[in-house]
Amino acid sequence: MEQPATRKIIHIDMDAFYASVEQRDNPDLRHRPLAVGGSRERGVVAAASYEARQFGVRSAMASSIALRKCPDLLFVKPRFDVYKAVSGQIKNIFAQFTDLIEPLSLDEAYLDVTDHLPANTSATQIAQVIKDQIKQETELTASAGVSYNKFLAKLASDYRKPNGLYVIKPHQGLAFVEGLNVGQFHGVGSVTASKMNKLGIFTGLDLRQQTEAFLVRHFGKVGHHYYSIARAIDHRPVMANRVRKSVGSETTFAEDLLVQSDLIDVLQPLVDSVWSYCERTSIRGRTITLKVKYTDFTQITRSRTLPGIIAHKAHVNQVALELLDGIFPLSQGIRLLGLSLSNFQGNDTPASGQLSLEL
């Protein structure tokens, strides 16, 4: 299986997007540790400035833990209308260079410029121009990765953050991948990385030494993907105008929860987050799904499809609470709770990226 080396893929990722927008718009917040999200005990950090990250504050972290790590942490409420407007500016910049744009979120996208390069112009030069134009028009910085496939382009954009630009050329791909820890691979979460470590797989080189059959036996169908990316191979095209089938949000708790009132408290921000996306995009759906992951990592989902389109946030909240009530009594604690909306009206809503508030 060989990787075509002719594609020119750019991955653009804004630096600490929500927090950077807040610091741009309020000079008093600049150069200070900042979190976008709720400061209440059950609040969750949606985004953290680089000043806050130096203390170990990260997105999806409970606000109470973030404050313990950084007592001087400042909290601001998210302004999704502003983030969406800035995202629109950024996407207009992308559109000047290619029509093959695959948004992953408000602040992140793949661009395929293979067939859109002017004479004597490289993809690296285009990436730099995009970064410069974003800075000029929005006063924000972005990091860019350039390579011959999506997997490597995303790794490259992470490599020199913030405000970085890194290129992985076709002859460099294999060596770059083999030197990384598997936990650095996009799509390999902490649980999967831990499972790989238990199997003696710590680096990209370790992963490449496994047979495809071995990886499929231990990881299922995604094992085929792991086999390919360990060899710096990724045939996935940049998909413009992807169709979104669902929108969701989830949160992992610092400590497993057993009390129903506590779970109700953390469910509310998930409802708020899902409905905020619906309001911004004007999409509406019929199916609500609750995702529950227990202490032992077993996972269940509970769904309900309504006869008509859900038009009000109160309906989302009511169904979510009823689904939550249905999992009690508990035999063990809950470590993760998620909520999603699907079965959209017409089911033809173009994707505008993942849910903007990741709890």
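How many salt bridges are counted between domain 1 and domain 3? In this predicted model, the count between domain 1 and domain 3 is zero, and the paragraphs below set that result beside the division of the chain, the contact between the two domains and the salt bridges found elsewhere.

The protein chain is divided into four domains, of which domain 1 is made up of two segments, residues 9-15 and 82-172, while domain 2 covers 17-79, domain 3 covers 177-230 and domain 4 covers 246-344. Between domain 1 and domain 3, the C-alpha centres are separated by 27 Å, and contact is made by four residues on the side of domain 1 and six on the side of domain 3. The two domains bury about 500 Å² between them, with 85% of that area on carbon and sulfur atoms. On the side of domain 1, the residues that lose the most area to domain 3 are Phe-151, Lys-154 and Leu-155, which together account for 81% of what that side buries. Residue pairs in polar contact, with both members at pLDDT 80 or more, likewise number zero between domain 1 and domain 3. Sorted by class, the side of domain 1 that touches domain 3 holds three nonpolar residues and one charged residue, with no polar residue.

Lys-154, one of the residues of domain 1 that lose the most area to domain 3, takes part in a salt bridge with Glu-108, in which the closest N and O atoms are 2.4 Å apart. This pair links distant parts of the chain, since Lys-154 belongs to helix 6 (residues 150-159) and Glu-108 to strand 6 (residues 108-112), at a separation of 46 residues. Both Lys-154 and Glu-108 are buried.

Over the whole structure, the search finds 13 salt bridges. One of these joins the side chains of Arg-24 and Asp-25, with an N to O distance of 2.8 Å. The two partners differ in accessibility: Arg-24 counts as buried because its relative accessibility is 19%, under the 20% limit for that class, whereas Asp-25, with a relative accessible area of 37%, is partly exposed. A further salt bridge is formed by Glu-279 and Arg-284, whose closest N and O atoms lie 2.9 Å apart, and Glu-279 is partly exposed, its relative accessible area being 48%. Salt bridges that share partners also connect Glu-22, Arg-24, Asp-25 and Arg-79 into one network.

Notes. Residues are numbered from 1 along each chain as its sequence is written. This is a predicted model: local features need pLDDT of at least 70, side-chain atom pairs count only at pLDDT 80 or more; totals for chains, interfaces and linings use all residues. Side-chain values use heavy atoms; hydrogens and water are left out. Domain bounds come from an automatic or database domain assignment. Contact means heavy atoms within 4.5 Å. Buried area is the accessible area (1.4 Å probe) that two parts lose on being put together, summed over both. A salt bridge is a side-chain nitrogen of Lys or Arg within 4 Å of a carboxyl oxygen of Asp or Glu. A polar contact is a pair of N or O atoms within 3.5 Å; within protein, one must be able to donate a hydrogen and the other to accept it, and residues adjacent in sequence count only if both atoms are side-chain atoms. Ala, Val, Leu, Ile, Met, Phe, Trp, Tyr, Cys and Pro count as nonpolar, Asp, Glu, Lys and Arg as charged, and the others, Gly among them, as polar. Buried means under 20% relative accessible area, exposed over 50%, partly exposed in between (1.4 Å probe, protein chains only). Helices (H or I, at least four residues) and strands (E, at least two) are DSSP runs, numbered from the N terminus.
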